[in-house]
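Morning, everyone. I have one structure to show you today. Let me put it on the screen.

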Amino acid sequence: MGTFIVRRLIASVFLLIVVAAITFAIFFLLPRLAGQTTYNLATQYVGRNPTRSAVLQIEQQLGLNKPLYVQYGHFLKGIVAGEHYSAGPNTVYCPPPCFGYSFKSQLPVWPQMASDIPVTLSLAIGASVIWLVSGVSIGVLSALKRGSVFDRAAMGVALAGVSLPVFFTGLILLELFVYKWNLLPAPTFVPFTQNPWKWAENLILPWITLAFLYAALYARLTRAGMLETMNEDYIRTARAKGLPERTVITKHGLRAALTPLVTIFGMDLGLLLGGAIITEFTFGLHGLGLFTIEAIQNQDLPEILGVTLLAAFFIVIANMVVDILYAYIDPRVRP
Amino acid sequence: MVGGESPRQGDGAGGRFARRRARHRSSMELEAHATRERTGEAEPSGMLDIRDLRIHFPTDDGLVKAVDGLSFTLDRGRTLGIVGESGSGKSVTSLGILGLYNTGNAQMSGKIYLDGEDIVAASQARVRELRGNKMAMIFQDPLSSMHPYYTVGDQIAEAYLIHNKVGKKAARAHAVDLLKRVGIPQAASRVDDYPHQFSGGMRQRAMIAMALSCDPELLIADEPTTALDVTVQAQILDLILDLQQEYDSAVIMITHDLGVVAELADDILVMYAGRMAEYGSSEDIFTRPGHPYTWGLLGSMPRLDEVRQERLLSIRGTPPSLINVPAGCPFHPRCDYAARTNGRSENEVPGLRPVGPGHLVACHLSTDEQRRIWAERAKVAS
Amino acid sequence: MRRRNTIGLAAFSGITALVLAACGGSSGSPSPGPSSAGFNAAISSTVNPSTHKGGTITFNLTTWQDSMDPGGTYYASNWNFTRYYATPLMTYPSCQGSCGLHLVPALATAPGTPSSNNTVWTYHIKSGMKFSDGQPITSADVKYAVMRTFAKEVLPGGPVYFQNLLAGNAASYKGPYKDKGKDLTSVTTPNSTTVVFHLNKPFADFNYVAAIPQTAPVPKNKDTGASYQLNPVSSGPYKVQSATLNKTFVLVPNPNWNPAMDPAVHQYASKIILNINPNANDIDNRLIAGDIQMDAAGTGVQSAARAKIVTNPTLKASSDDPVTGFMWFIYQDTQVPPLTNVHCRMAIEYAANKTTLQDAYGGPYQGSIATTAMPPNVIGYKHFDLYNAGSHPGGDTAAAKQQLSLCGKPNGFSIGMAYRSDRPRDTSAAQALQAALAPVGIKVSLHGFPSGTYFTNFAGVPKYMTTHGIGLATGGWGPDWPDAYGWGWALFDGKAIVPAGNTNIGALNDPVVNNLFLKLEAATSASAQATISGQIDMQLMKDAVIVPAVYAKALLYRSSALTNIMVQPYYGMYNYGTLGTK
C-alpha cells in the first residue's frame, strides 16, 4: 500500500505539471490563433485609458513579452523555489510554493486563494455530509420499501432535486427564508473558528441547496445499488445463517452497495472543492468558485493557473483517496 | 394432496455420535400438541416432518404454484435426495424450510415440523433463531454466495457469534477448527483469506464449514457440486457424507444429477411441477422406478455399468409453467404412456400410491403396468 | 405503474407549489421607515439630515474595481468612496444642482493659482494636518503621490493626465520604483505647504486634474506599491482597519482626522464595510431587505429590483432616479466605408429609433432620450436636436432616405456593428438599431465581443474595425470632469486615437473639433468655456460621429438606516462622504 501511494503521488505531480502546461497553452495560444498579440492582452490590465507606454510597461512587468516556455519555466520555478517580485519600492520574496502574482492587482495569488479555501471547504464538506447522510438513508429506505408510497414519493422528490438547477433552488430558499420570513440572515461567511454557530447559520441555506441536488442523485444511486445488492446470493446466505435483518441490510447489503458510491463521492467532493461556482454566486459567498470567475473575467493568468492547479490537485487527491478506499473496502481489488 | 399417506420412516438410528438434545417446549408448541390430540392428527416424527407444504407466489401474470403439496419426513443421520428439473420446486422447498419466504409475498401453507416444532406457524424471530443454528444450508455457487468483502473466517464466525454467547476470539478459533475439519490445509492462515482467494473446491469446503458452524441438526445442500469440476465433486460429496456421520445430522441433498444422488441418498424424492412424483429408497428408485418421469430421468442418464446405447433418451417437451400447471397429471403432456390411462391423466390428479413398502408413486398407471413397462425399457437399454 | 407516477408527481408538484408561492408572494420587505422623504427627494435636498454618530454602514460591490489605491483607480464610484481615506487638493462639494459641479478646495487652502498662460499652477495646502499614522502631511507627500502615478507597471489603472500634462522630465520619468532616487522636475515643493505644477502646455482645467484622487498625499516611507491599496495611509476621516483583496475592505474612524481638512466629508459612522458580492441581484435584495445600506457601484438596481420598486409606492418613495453624468451612444467609425461619407452617417442618425434605444438601455428610469453629444451635467450643455428625435422619436425614415441618396447609396448599404455581448443592454441596443435601420435598407450585421477585451482588442482597435467592415460600435462614457474637455477630449479629439484601447472609436480627426479643444484648453473665463463647449457639441453632432441614445439615469434605492443622503451631481450617485447612520 505504501508504494502504491508513493507511485500515485509521483504520477500526480506529473499530471499537475501537464495541467499547468495545458492551461498556459490555452491561455496564450488560443488567442494567438485568433490574432491577439500580447500587447493586446496587456491592455487588459491597464485600466480604462491605456497609453502605449503604460501597456508596454505592463507587458514587461508581467513578463508577457517573453517566450512561452520561458514564462512556463518561470512559473514552475516559482512553485519549486519561490519567486522574488518587485511591485513597488521593495522587492518581496514569495516562498515556495509560489503561485505567482495576479496580473490585475500584482498581489500574490496564494493568499487570495488561501482566504477563499475555507469558504469552499466549509461549503463542500458541510453539504457533502448532508447529502451523503440523507441521500444514502433515503436510498436505502426506498430500496427496502420498494414500490411503497415512501419509495415513490422519495423518488419523485429526487427527480425534482436532480432537475432543478442550483440557482433556482437557491433563489427560492433565499426568497423564503431570508427575505420573506426573515428566519435566517443574508448569507455572509463567518469563519468556523470565529463563531461556529453563526458559521453554520450562514451556510445552512447553501448547504441545503447544494445537498438537494446531490442527495437526489445519491438516493437514486443508493436505491439502485441496494436493489441490486439485495438480490445477490450472499444476502440469501446471510439470511440463511439467521442474521438479524438489520445486520443483513447494513453489514452485508449496504457495504456492497456503497462501493460505487465511494467512487462517485470522491469525484464529486474533489470537483466541489475546486469551487462550487453557481452556489457561491447565488449566495454571495466568496470561495474558489467566485475566485475562478473573477480570474477568468479579468484574464488573469496567474490566478487562473493557481485555481486550476489547486482544483486539479484536489481532484487528484480525491481520486487517490477513492482508489485507496476502494481497495480497502473491496479486497478483490487489492494489488 | 388427494388421498395417500405421507411416507414415513422408521426410527433412524443415530450414527457414531448420536446426540439427543433435550429441548424446552414453548407454550405455542404445547398448544399445538393439544390441538393435534383433539383433531387426531399424528405427532410429528423425525427431525423434519413436512405435511402438505404449499408455497405459492402471486405475480402480475398469475399465481405461481412453486410447491404444491409436499409431504415427507426425515430422520437424523439419514440423507434425502430431492431430484427434479429446473423449476420443479426443489430450491423453493429448501428456502421455504429455512423460512426465507416469510417476509415476502409468498403464501405458505401446510406444516413443517423441525424436531417437533412447527416453523410455519412460529414467529419470525423464532425461525431466525433456528436458521443457521439448528438448520443450515449449503448453496450452489460458493463464489456468489459468500460476501466478497469479508474474510472466510469472519463469515464462518458470524453465524457462530449470532447464535452463541461467545467472544470473537473463541469464534475465530472455532472457525479455524471448522476449516481444518473440512479439509482446508493451513487453516490458521487461510481463515483470514477472502473468498476470491480460494479455488473452487476449497471455497465450497469453506461454505460447508460456514453451514456447520453451529452444529446444525438439519443440513440442506442445494446443488453443492454443480459448480465444481467432476474430480472435486467426489471429494465434496465424501466430505458431506463424512460430516453427516460425525454430526448425525439429517441431510437433504437437492440436485438434478442422479449420479450424485446415487452416491449419497438413503431416500429419494422426485419432484415435478412443484409436486411429488415419486418417493422411495435409493434402491427402489434405481432398480424399480414407477413414475414415467423417473424413467425418463434414468433413461437420459449415461451409465457406465451398462452397454453404451445408441442415443440418450431425452424426455420430450419442456417443463411446464408453474402458473398454468397442466390439468390432471402435470406430466401427462410429456408422458409416452398417458394414452394408457383412458383419459384419467388429463382430468384426474393422481394421488401418491404405495407401490411397495415405503415406495410411493403418483401415477394413474397400475403397479403392474409400471413394472412391465420398466422391464421393457430396461431390456431395450441393455 | 399509474400509482407510481401519481405519487412521484405529487411530490414534484409539491415543490412546484412551494416555488410558485414564493414567487407570487409580496416583496415582503421591511418597511422603509416611518417617514420616507419621497421619490427623487435626494436629488434636490438632503434626506435625513443628522449629525448622529455611530453605527455601521455596509456597502456591497459586484467586483473589486481596478484598485482601491487612490493613485490607480478610474471609477466614479471609487473616486467617491476614496474620499473616506484620501483627500485630494480639490474636490466636489457636497451640494446639489450646478453647485455640485463647481470645485472647492479640500487639502488645498484655495483653488490653484495659475500663471498668466495657465502653464504653472501653484497650490498651498492646509498646515498642521496629519496622516492616520500621525505623520504630518506636507507638500512633499502630494508630490510623491503624483510621482507614483507614473509607475504604470504597478498602478496601471488611474488616469494619465499627469503624464500628458507635466513638463520637465515627465516624458521620460518612469516612476519612483524604476527610477529610484530620481526627481520629477515638473513638480516642485518650495516649502512644506506649497506644491507647484509645471505644465507642458496651457491648461485652464487643471483644477479638475487636482480634484482627481491621485493628488491625495502619500507618505513615501509607507508606500508599498501594489499592496498599498490594502493598507493605505489615510488622509481622510477614516482609515483602513483591514482589507482582503477581492473580498472586503473595512474602515474605522481616523483618530488624526481634522475636520477642517475637508468640510465636504464627515466622520459619523463608527465603521464602514465594503463587501464584494458578484451577484448583483442579491445585492439589490439585501439592500431592500435592509441587510446592507448601499450599493457602492452607484449605477442603480438591476431590472428585477427596478420592476419591484417602480410598482410599489412604498419602495418608490425611498428611491431616486438621478442623471448619472454617463451617456450611452453608438459610435460611427468615420474610417469605415461608406460611413466615411457624413451623409451616410446622418442617414443613420435620422433612421435611429430613439424609443427602442431607450428601451434597450433600460427604459425611462434608466435614461432619457439624448440628442446631443454632451450630457446635461456638463458645464455649457445646451439642448438641441439636429436629427428630429423630438418630432420623430421612432426615426425619420424620409429624412434618412434623403441622406442616403446624398451619400450615393439610395438603396442602403451593409455595415457591421460591434457590441459587448456580455452586456444585455448593449445587446438590446445593437438589436434595436439593427431593426431601426433595416426599413431604409441599411443592413446591419452584429458582432458581439466580451467587454473585457472590447476596447483592447476589437472596437478599440481601429485596424480591426476597418478590416472587418465594422462601422458602428456601442459605447458609453462618463466625463473625467464635468466640462467639455473632460467629457469629450478622449472621445473626439484626433490626438486621442491610439492603435489599441482606443476611445475615439469614431476615429474622428476633424480639424474644427481639434482646434476647438485647443481653444478650450486655453480658455480662462467660465463663460468662454461654456460657449466653446456648446460649439464643440454642435460640431460633433454635425459630424454625426455618434448616435446619442440616452443620458443615463440610475434608479437608486435609499436605505432608511442612513442619514445625510444626497445625490452628488458630478458623481451621479449618492454622496458617500456625508453618510451617517440613524
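How many helices and strands does chain B have? Chain B has 14 helices and 12 strands. Before I go further, a caution: this is a predicted model.

Let's stay with chain B for a moment. The chain has 382 residues, and buried residues make up 47% of them. Now look at how its contacts run along the sequence. Take contacts in chain B between residues at least 6 apart in sequence. Of those, 66% join residues at least 24 apart.

Next, one helix in chain B. Helix 1 covers residues 27–39, which is 13 residues. From first C-alpha to last, helix 1 of chain B reaches 19 Å. At 1.5 Å a residue you would expect 18 Å, so the two values are close. Is this helix buried or in the open? Of its 13 residues, the number buried is 1, so helix 1 of chain B lies largely in the open. For a residue to count as buried here, 20 or more other C-beta atoms must lie within 10 Å of its own. Right after helix 1 of chain B comes B:Gly40. The phi of B:Gly40 is positive, near 80 degrees.

On to chain A. The domain assignment splits chain A into domain 1, residues 2–109, and domain 2, residues 111–333. The C-alpha centres of these two domains of chain A lie 33 Å apart. The domains do touch: 19 residues of domain 1 of chain A are in contact with 18 residues of domain 2 of chain A. Which element gives the most on the domain 1 side? Helix 1 of chain A, residues 2–33, with 8 residues. That side of domain 1 of chain A has 12 nonpolar, 5 polar and 2 charged residues.

Still in chain A, here is a helix pair. Helix 5 is residues 109–144 and helix 8 is residues 196–230. These two helices of chain A pack at an angle of about 35 degrees, with axes 5 Å apart. Helix 5 of chain A passes helix 8 of chain A in a right-handed crossing. Their contact has 23 nonpolar residues, along with 7 polar and 2 charged.

Now, between chains. Which chains share the most contacts? Of the 2 pairs of chains in contact, it is chains A and C. That contact takes 50 residues from chain A and 53 residues from chain C. On the chain C side, helix 1 (2–24), helix 7 (280–289) and helix 14 (451–458) of chain C each supply at least two residues. Helix 1 of chain C gives the most to that side, with 10 residues. By class, the side of chain C that touches chain A has 24 nonpolar, 20 polar and 9 charged residues.

Then the contact of chains A and B. Here 18 residues come from chain A and 22 residues from chain B. Helix 3 (124–130), helix 4 (142–145) and helix 5 (152–163) of chain B are the elements giving two or more residues to the chain B side. Helix 5 of chain B gives the most, with 4 residues. The side of chain B that touches chain A divides into 10 nonpolar, 7 polar and 5 charged residues.

That leaves chains B and C. No contact joins them. The closest C-alpha atoms of chain B and chain C lie 12 Å apart.

That's my tour. Thanks for listening.

Definitions and conventions. Residues are numbered from 1 along each chain as its sequence is written. Chains are lettered from A and ligands numbered from 1 in the order in which they are written. This is a predicted model: local features need pLDDT of at least 70, side-chain atom pairs count only at pLDDT 80 or more; totals for chains, interfaces and linings use all residues. Domain bounds come from an automatic or database domain assignment. Two residues are in contact if their C-beta atoms, placed from the backbone, lie within 7 Å. Ala, Val, Leu, Ile, Met, Phe, Trp, Tyr, Cys and Pro count as nonpolar, Asp, Glu, Lys and Arg as charged, and the others, Gly among them, as polar. A residue is buried if 20 or more other C-beta atoms lie within 10 Å of its own, exposed if 12 or fewer, and partly exposed in between; C-beta atoms are placed from the backbone. Axes are lines fitted to C-alpha atoms, for helices over the stretch in contact, and angles run from 0 to 180 degrees between N-to-C directions. A crossing is left-handed if the near helix is turned anticlockwise from the far one by less than a right angle, and right-handed if clockwise.
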